[in-house]
Every structure is written in structure tokens, then in C-alpha cells.
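Here is a short tour of a two-ligand protein model. Please have a look at the fold before reading on.

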Amino acid sequence: MKTYKLAIIGFGNVGQGLTKIISDKKNLLIAKFGINLSIVAVCDLYKGSIYNSNGFDPETLLSDLEKNGDLKSTLAPITGWNATETIDNSGADILVELAFTDLQTGEPAVSHIRQALNNGMHVSMTNKGPVALHFPELRKLALSKNVQIGIEGTVMSGTPSINLGNEMLLAAGITKVQGILNGTTNYILGEMSSGSKYKDALKQAQELGYAEADPTGDVEGYDAAAKVVILGNLLMDLSLTLDDVDRQGISHITNADIADATSLNKHWKLIGTVEKHSDGFSASVKPEMVSSEHPLASIKGATNAITYTTELLGDITLIGPGAGRLETGYAVIEDILLIHKKST
Ligand SMILES: NC(=O)C1=CN([C@@H]2O[C@H](COP(=O)(O)OP(=O)(O)OC[C@H]3O[C@@H](n4cnc5c(N)ncnc54)[C@H](O)[C@@H]3O)[C@@H](O)[C@H]2O)C=CC1
Ligand SMILES: N[C@@H](CC=O)C(=O)O
């Protein structure tokens, strides 16, 4: 059996979802895959930082957090390390980067990731900033250090959109990727069509753990645009930046707009697209009215859907969760399973 020591940076929705899965699926991971996941360090800006070389009981972490609102009273041999100290001193095999996404600089996550890779650690991240802004550099660094980077959770949470595209469909020649790529906005639009106000629906999406810490990223389309950039660059060999995406969000859509769509038997959806053309590419994120018969009309709540158009297989569509605590925590498990497979 192989034990992987994990250092988790950021103990919000996804960090807690991951910890719950590590607790609930411990025996299955050992029995089916021969891997034991040991959380040796948790570092969070507000909830505190703790380190134990023998690993923490995941249930204790979650119950302490529920009881106290933070991990500051959790019994630990060492407390108070910042992210840099955690990466340098924890001796972890895998850095799990789950801090806030910053789509302007990718910081501080990108610095955490460079430091971990330079230290010979594998990295799993659901943070979209480093992937949308710096992935080629990070991939090169990982290669030179003979370690792996997992990014499954950056698009469609734990629904394996990245691995399906990257591991299975790349050779089929992906020419276009299109779909609903943001859970928060799909949830809000659906709730509004059931009569909720925009503000209330957004609040619910935040409570359910779907929204970004700053939900402007969701509702103005930046998050979906980052996913378009990630997919275009990874799967279609483009060199997109966020500025290349013609972006519009949903914050201007009113209940009256939703009612108009309903009267036409249509639904508003925020749709992301990236397509290769003979003379270049096009990339966009915009709200569109789709008819009730359209395949995307039935995608409800925080569910996402993505269609890969390929030269050899035509269209392949994947539907599944696009956000959520356990749903995104599971993406880290997928990354670790792939890291394990590729390094043994
Ligand atoms: N919630 C979701 O459904 C999904 C989230 N993501 C991404 O995963 C990451 C985590 O998401 P959530 O857990 O929902 O966010 P969150 O806002 O619930 O938690 C982030 C945590 O990171 C901590 N943090 C921020 N900067 C830090 C730093 N420099 N050092 C240590 N801790 C720091 C914060 O205190 C907070 O507790 C984000 O980058 C988000 O974009 C990706 C896919 C889905
Ligand atoms: N805020 C994002 C979370 C996943 O990337 C979303 O709502 O899709």
C-alpha cells in the first residue's frame, strides 16, 4: 500500500468536501487502489494552520470546524505555519491547492504551486487561476521535476471533463468545445425561472458552496471564460488569454427576461464556446435563449454539460455536476488516482 501525505492549502467548501470523502472512502481507496490518503497539514488564511506528521483524523478536522468555526483549537504538534512554511516543512507528497481563484494574477496559488513543484511535490488544484494563466510554464516545471499536476476540478468539478478530453479524445481531433460551464449561473437562471429573485438565488448558490468567494467571477462570466481558456489551450493547442474570450455575464437578466423566454418556450443558459477555424479561433461566453427541445435546456441546477466536437467521432456530450463541496472534492481524488497510476 502506498501512503500519500497531503498538504491542503485552503479549507473552504472544497477542502471540507475532500476531507469528508477521504474519511468516508478510506477503506475503498485502500482496497481498490492500494492508496492511503493522510492529511498531514491544513493551512487556511482564516481557519488556522495545523501540522501533524502522523496525519489528522479527517472526521476530527470536520467536527472541530463545525464546533469552533475554525481549526485553531485542533490538537496539533505544530500550528501557525503560512502556506510557504507548510509547503517547505510538511514533507507532503502532494500539495492540494484550494485557495481563492484570482483570474488576474493567479496569485498566491501560482507561487504555492511553483514552490511545491520545485520541492518535488505533486500538485492537485481546483483553483482555476494558475491553469488559465500559467499552465504551460507549470507543466514544463512539473516535467523537469518528474512530478504530476492534476487539474480535473478546474472545469465541471468532479465530472471528468478534463481527463475525458485530454486522455481519451485528444487523438480524435477536438475542433470545438461548447457547453454550460458554470454551476452558479445555471442554478440562478433555473431558480429565477421558478420565480426566485436574482439576489435570493445567488445567496442560495453561495450557501450551497457553488459560488466563488467573489461571485462577480460567476455572474459576469469570468469563471466560464477561464474554463473556455483552459479547454481551448489544453485540448485544442491554442494560446488563449481571458482577453480573447468575448464575454458577457447574466447579471443584467431580469425576471421579466426570464418570463419572456418562458412565454416563447425557451430557457436562458450561459454558454461557453471555443472553436478552431481555418483562419484562427473564436471564443465566447454569453447568455443565450435555447428552445425547450435543445439538449442544454434540460440541464438544471449546478449541473454542467459539455460537447466536444471531434474530427473522428463527431459530437460527444458529457453531463454532470459543475460545482459543489463533495463534487469538487472528488476531483482531487481523481487527480490523485491519476498521479498514482502515472507514477507507479
Ligand atoms: N466550490 C466549487 O464548487 C468549486 C470551486 N473551485 C475552486 O476551488 C477553490 C476552492 O473553492 P471553495 O472551497 O469553494 O472556496 P472557499 O472560498 O470556500 O474556500 C477557500 C479557502 O481558501 C482559504 N485561503 C484563501 N487564500 C489563502 C491563502 N493564501 N492561504 C491559505 N488559505 C487561503 C480561505 O480562507 C478559504 O477558507 C477556488 O479556487 C474555486 O475557484 C473549483 C471548482 C468548483
Ligand atoms: N463557481 C464555480 C465553481 C466551479 O468551478 C461554478 O459555479 O461553476
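The C-alpha centres of domain 1 and domain 2 lie 27 Å apart. Domain 1 covers 2–157 + 325–343, and domain 2 covers 161–321; these bounds come from an automatic or database domain assignment. To their contact, domain 1 gives 18 residues and domain 2 gives 20 residues, two residues being in contact if their C-beta atoms, placed from the backbone, lie within 7 Å. On the domain 1 side, helix H6 (128–144) and helix H13 (325–343) each supply at least two residues. Helices (H or I, at least four residues) and strands (E, at least two) are DSSP runs, numbered from the N terminus.

A word on the source: this is a predicted model, in which local features need pLDDT of at least 70 and side-chain atom pairs count only at pLDDT 80 or more, while totals for chains, interfaces and linings use all residues. Residues are numbered from 1 along each chain as its sequence is written, and chains are lettered from A and ligands numbered from 1 in the order in which they are written.

How do the residue classes divide? Ala, Val, Leu, Ile, Met, Phe, Trp, Tyr, Cys and Pro count as nonpolar, Asp, Glu, Lys and Arg as charged, and the others, Gly among them, as polar.

| Group | Nonpolar | Polar | Charged |
|---|---|---|---|
| Side of domain 1 that touches domain 2 | nine residues | four residues | five residues |
| Shell around ligand 1 | 14 residues | 12 residues | four residues |
| Shell around ligand 2 | three residues | five residues | three residues |

Now to the ligands. Both domains give residues to the shell around ligand 1, so ligand 1 lies between them. Of the 30 residues around this ligand, Gly10, Gly12, Asn13, Thr101 and Ala323 come nearest; a residue is near a molecule if its C-beta atom, placed from the backbone, lies within 6 Å of it. Helix H1 (13–24) and strand S2 (35–44) each supply at least two residues of that shell, with the largest share, three residues, coming from H1.

Around ligand 2 we meet, among others, Ser157, Asn182, Tyr210, Glu212, Asp218, Asp223 and Ala323.

Glu212 deserves its own visit. UniProt, in an unreviewed entry, places the feature "binding site" there; such annotations may be inferred rather than shown by experiment. Glu212 sits in the loop between helix H9 (198–207) and helix H10 (216–219). Is Glu212 buried or exposed? Glu212 is buried, because 20 other C-beta atoms lie within 10 Å, and the cut-off for buried is 20 or more (exposed is 12 or fewer, partly exposed in between). Leaving aside neighbours within four places in sequence, Glu212 is in contact with Thr101, Gly217, Asp218 and Asp223.
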